[in-house]
Amino acid sequence: MFEHITIIGIGLIGSSMARAIKRGKLATRLVVCDANEDALRIAKNLDIGDDYIHEAVEAVRDSDLVVLAVPMMAMESIVRDIAAHMKAGSILTDVGSVKECVITSLAPIIPDHVHLIPGHPVAGTENSGPNAGFASLFDGRWCILTPPIGADEQATNLLDQFWSHIGANVEIMDAAHHDRVLAITSHVPHLIAYNIVGTASDMEEITRSEVIKYSAGGFRDFTRIAASDPTMWRDVFLTNKDAVLEMLGRFSEDLTALQRAIRWGDGDALEALFTRTRDVRRRIIDAGQDEDTPDFGRTHED
Ligand code: NAP
């Protein structure tokens with residue numbers, strides 16, 4: 001699809017994309033770039049690219065598609081460095097979990113001859129680094145593109161096709177809307193997981209060993225999410241502040257209503273909610289966004 005692709009940041013997402021690009025033969029030359037020498041060395045050993053370059057300025061030269069797969073707060077300074085070295089007519093995209101800030105921070109600093117089409121593959125795991133990636137990460141998952149107003153239609157279509165070849169279903173969305181949707185489906189759930197795991201580990205009357213020992217009661221499912229990359233998630237909350245605070249406000253109101261139902265023994269209210277939420281799980285499985293196997297597909301010995 002592209003003569004020359006450059007991926008900056010060869011962690012979980014960047015290395016999964018590199019593997020999928022190789023699998024689908026989507027580039028003649030794939031340049032892998034990372035500020036972290038160890039990550040670059042691991043990527044080279046894994047043979048997931050064609051060239052491995054430490055300096056972003058050098059890595060983007062002659063590239064038709066540049067993908068930023070680094071933490072949100074690292075993007076602007078990289079683009080300040082590479083902007084003047086990007087090929088005319090090339091596409092600059094990213095995979096960041098928040099989208100409006102990408103447009104507001106990057107659009108003013110890229111040259112007119114470069115097409116900025118931000119994107120977000122809604123797929124991931126709690127692991128980081130090049131070893132954590134796998135080619136099928138995006139298969140059947142959604143990738144949301146948020147082209148700014150006036151973005152080049154041909155460039156948007158090309159990126160749409162690219163993500164389809166990577167294995168994803170593509171949706172075009174307004175960046176602000178994306179940030180509100182992801183605040184409730186991804187960012188607030190992560191905050192809740194970080195909070196509950198933090199609260200449990202601070203408990204004085206229940207020992208930490210008991211928290212670990214009896215975690216199968218539900219706690220361990222939160223620990224998977226709460227093990228997600230600290231830098232990435234710090235940046236998500238710093239860059240999607242307004243939408244997260246709005247959704248947290250609604251969450252707190254609903255939590256207060258649940259507290260009241262428990263205090264007054266309102267079993268009907270509790271059961272009505274739990275029945276409704278069970279149906280949400282059913283719909284996620286029906287939509288192919290998770291497996292129907294019990295206990296999130298964990299294997300159990302008889
Ligand atoms: P990751 O596994 O930590 O990989 C990021 C890589 O970028 C690391 O090797 C990091 O090096 C490197 N890096 C950091 N700053 C850099 C810079 N200035 N120049 C070049 N390389 C730099 O992260 P990830 O999970 O793939 O996340 C990358 C992006 O994908 C984030 O913006 C995140 O919001 C988005 N995303 C993540 C997920 C997910 O589930 N993880 C899902 C969808 C989207 P160091 O380790 O030395 O910092």
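**Strand pairing and ligand shell in a predicted model**

Q: Which residue in β4 does Thr6 stand opposite?
A: Thr6 stands opposite Val66 in β4. This is a predicted model in which local features need pLDDT of at least 70 and side-chain atom pairs pLDDT 80 or more, while totals for chains, interfaces and linings use all residues. Residues are numbered from 1 along each chain as its sequence is written, and side-chain values use heavy atoms, without hydrogens and water.

Q: How do you know that β1 and β4 pair?
A: Strands (DSSP runs of E, at least two residues; helices are runs of H or I, at least four) are numbered from the N terminus, and two of them pair if DSSP finds at least two bridges between them. Strand β1 (residues 2-8) and strand β4 (residues 65-68) have four bridges in the parallel sense, so the criterion is met.

Q: What makes β3 and β6 edge strands?
A: The open sheet of six strands runs β3-β2-β1-β4-β5-β6 with parallel pairing, and β3 (51-53) and β6 (115-116) each pair on one side only.

Q: What does α1 touch where it packs on the sheet?
A: Helix α1 touches β1, β2 (27-33) and β4, where contact means heavy atoms within 4.5 Å. The direction of α1 makes about 160 degrees with that of β1, on a scale from 0 to 180 degrees between N-to-C directions of lines fitted to C-alpha atoms, for helices over the stretch in contact.

Q: Why is one side of β7 and of β9 left without a neighbour in the sheet?
A: The open sheet of three strands has the order β7-β8-β9 with mixed pairing; β7 and β9 (169-172) stand at its edges with a single partner strand each, so one side of each has no neighbour in the sheet. Between β7 and strand β8 (residues 142-145) the pairing is antiparallel over four bridges, and His120 stands opposite Ile144 in β8.

Q: What makes the Ser97 and ligand atoms a polar contact?
A: A polar contact is a pair of N or O atoms within 3.5 Å. A polar side-chain atom of Ser97 lies 2.7 Å from an oxygen atom of the ligand, so the pair falls inside that limit. At 2.8 Å, an N or O atom in the side chain of Asn36 also faces a ligand oxygen atom, as does a polar backbone atom of Ile13.

How values were computed
Polar contact = N/O pair within 3.5 Å; in protein donor to acceptor, adjacent residues only side chain to side chain.
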